[in-house]
Amino acid sequence: MSPTTRDAGSVDPFKLSERDNRLYGLGSCDMKGFFSLVLEAVRDLDLKQLKQPLTIIATADEETTMCGAKALGNLGQHLGRHVVIGEPTSNRPIRMHKGMMMRALRIRGSSGHSSDPSLGNSALDAMQAAMQELLEWRKQLQENYRNPLFAVEVPTLNLGHIHGGDSPNRICAECELHFDLRPLPGMNLDQLHGEIEQLIEKRLGDRGLQITLEKTFDGIPPMETAAEAAIVKAAESLTGHQAETVAFGTEAPYFNAMGMETVVMGPGDIAQAHQPNEFVAIDQLQPGVDILKSLIKKFCL
């Protein structure tokens with residue numbers, strides 16, 4: 001549903017409003033509200049007292065392409081040692097998340113009258129074989145990779161969209177399949193893409209078809225910050241919660257690749273993200289500010 005859609009009892013997404021101990025508004029939870037907490041935490045801070053870097057970063061397109069985080073990485077600059085990403089986690093620290101990649105498999109054969117299969121080369125038949133290959137590969141991945149810290153402890157592969165053909169009495173000349181793969185930490189996106197190419201080539205390479213595997217979304221690498229990282233231990237101590245895992249992606253793997261240590265932690269619940277009546281609970285705001293102040297005191301002063 002669009003954030004501008006108005007249901008009975010809905011709130012104006014472009015105007016902050018308070019109701020039932022909640023602050024409603026677009027981005028209040030995911031994740032602009034976090035920066036309000038940052039501003040409050042540093043409002044009375046004497047910057048001259050800082051002995052270690054305090055870096056506040058808002059990156060562009062952090063929902064999809066991660067172009068902002070990638071651009072920062074390409075600069076090759078030192079931005080500090082520790083990072084807090086303010087995604088909505090109910091102020092609980094997160095040190096791992098799955099990755100995500102989306103691909104489109106396109107197969108082109110040739111059409112012909114269905115009364116004689118030799119008159120064409122069915123892309124739909126080939127796609128059925130490719131789907132069978134992908135599902136067998138998914139089974140192998142889930143046998144070889146497992147992390148019980150995740151709610152869904154195996155990598156997932158979802159066949160989400162398929163389209164092909166135009167008539168039941170015509171041999172299908174073109175077929176297209178879209179799917180996503182969510183790998184666990186320790187799995188490499190480029191390597192996985194290469195494995196998919198190899199298994200499709202092995203199964204369909206001798207059928208005289210045109211086959212392409214395209215990136216509909218470059219993907220987000222899985223992320224893992226070490227359990228013993230200082231920022232993780234500090235966040236656990238301050239919140240009283242052991243660091244957890246989430247299924248959604250963040251900029252964290254790009255910051256970690258720059259030699260930083262990252263924890264994901266902020267007010268709000270991910271269940272409210274992308275919702276028409278998005279809100280953040282008011283009773284999570286001051287604890288979030290207090291956590292940030294404590295982290296600043298520990299790592300910057």
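**Reading cavities, a pocket, helix packing and a sheet**

Guide: The largest cavity is lined by Phe-34, Leu-37, Asn-91, Met-265, Gly-266, Pro-267, Gly-288, Ile-291 and Leu-292. The model is predicted, and the cavity is a convenient place to begin reading it.

Visitor: What volume does the largest cavity have?

Guide: A cavity is a space where a 1.4 Å probe fits but cannot get out. Here, the volume of the largest cavity is about 50 Å³.

Visitor: Which helix gives the most residues to the lining of the largest cavity, and how does that lining divide by class?

Guide: Helix α7 gives the most, with three residues. Both α1 and α7 supply at least two residues each. By class, the lining holds six nonpolar and three polar residues, with no charged residue.

Visitor: How many cavities of 30 Å³ or more does the count give?

Guide: The count comes to two. The second largest cavity holds about 30 Å³ of space. Its lining consists of Val-11, Asp-12, Pro-13, Gly-25, Leu-26, Gln-275, Pro-276, Asn-277 and Glu-278. In this lining, four residues are nonpolar, three are polar and two are charged.

Visitor: Let us turn from cavities to pockets. How much space lies in the largest pocket, and which residues are the closest to its centre?

Guide: A pocket, unlike a cavity, is an open set of points. The largest pocket in this model contains about 680 Å³ of space. It is lined by 36 residues, of which Thr-55, Ile-56, Ile-57, Val-83 and Val-84 are the closest to the centre.

Visitor: Which elements give two or more residues to that lining?

Guide: They are helix α1 (32–42), strand β3 (82–85) and helix α7 (285–299). Of the elements, α1 gives the most, with six residues. The lining as a whole comprises 23 nonpolar, seven polar and six charged residues.

Visitor: Helices α1 and α7 recur in both linings. At what angle do they pack?

Guide: Their angle is about 55°, and their axes lie 9 Å apart. Angles from 35 to 65 degrees fall between roughly parallel and roughly perpendicular, and α1 and α7 are therefore oblique to each other. Their crossing is right-handed.

Visitor: At roughly what angle do α5 and α7 cross?

Guide: The axes of α5 (residues 230–239) and α7 cross at roughly 135° and come within 10 Å. Because an angle over 145 would be needed for roughly antiparallel, this pair too is described as oblique. The crossing of α5 and α7 is right-handed.

Visitor: Finally, how should the strands be read? What order do the three strands of the open sheet have?

Guide: In general, strands of a sheet pair through backbone hydrogen bonds, in either a parallel or an antiparallel manner. In this case the order is β1-β2-β12, and the pairing is antiparallel.

Visitor: Why is one side of β1 and of β12 left without a neighbour in the sheet?

Guide: Strands β1 (17–19) and β12 (279–281) stand at the edges and each has a single partner strand, so one side of each remains without a neighbour in the sheet. On average, neighbouring strands of this sheet are turned by 25° against each other, direction ignored.

Visitor: How many bridges join β1 to β2, and which residue stands opposite Arg-19?

Guide: Three bridges join β1 to β2 (residues 22–24), and the two strands run antiparallel. Opposite Arg-19 stands Arg-22 in β2.

Technical notes: Residues numbered from 1 in each chain as written. Predicted model: local features only at pLDDT ≥ 70, side-chain atom pairs only at ≥ 80, totals over all residues. Heavy atoms only, no water. Pairing = 2+ DSSP bridges. Helix = DSSP H or I, 4+ residues; strand = E, 2+ residues; numbered from the N terminus. Axes fitted to C-alpha atoms, helices over the stretch in contact; angles between N-to-C directions. 1 Å grid on protein atoms, 1.4 Å probe; cavity = no way out; pocket = protein on both sides within 12 Å on 5 of 7 lines; lining within 4 Å. Points joined across faces, edges and corners; volume = space filled by probe spheres on them. Nonpolar A, V, L, I, M, F, W, Y, C, P; charged D, E, K, R; others polar. Parallel < 35°, antiparallel > 145°, perpendicular 65-115°, else oblique. Left-handed = near helix turned anticlockwise from the far one by under 90°.
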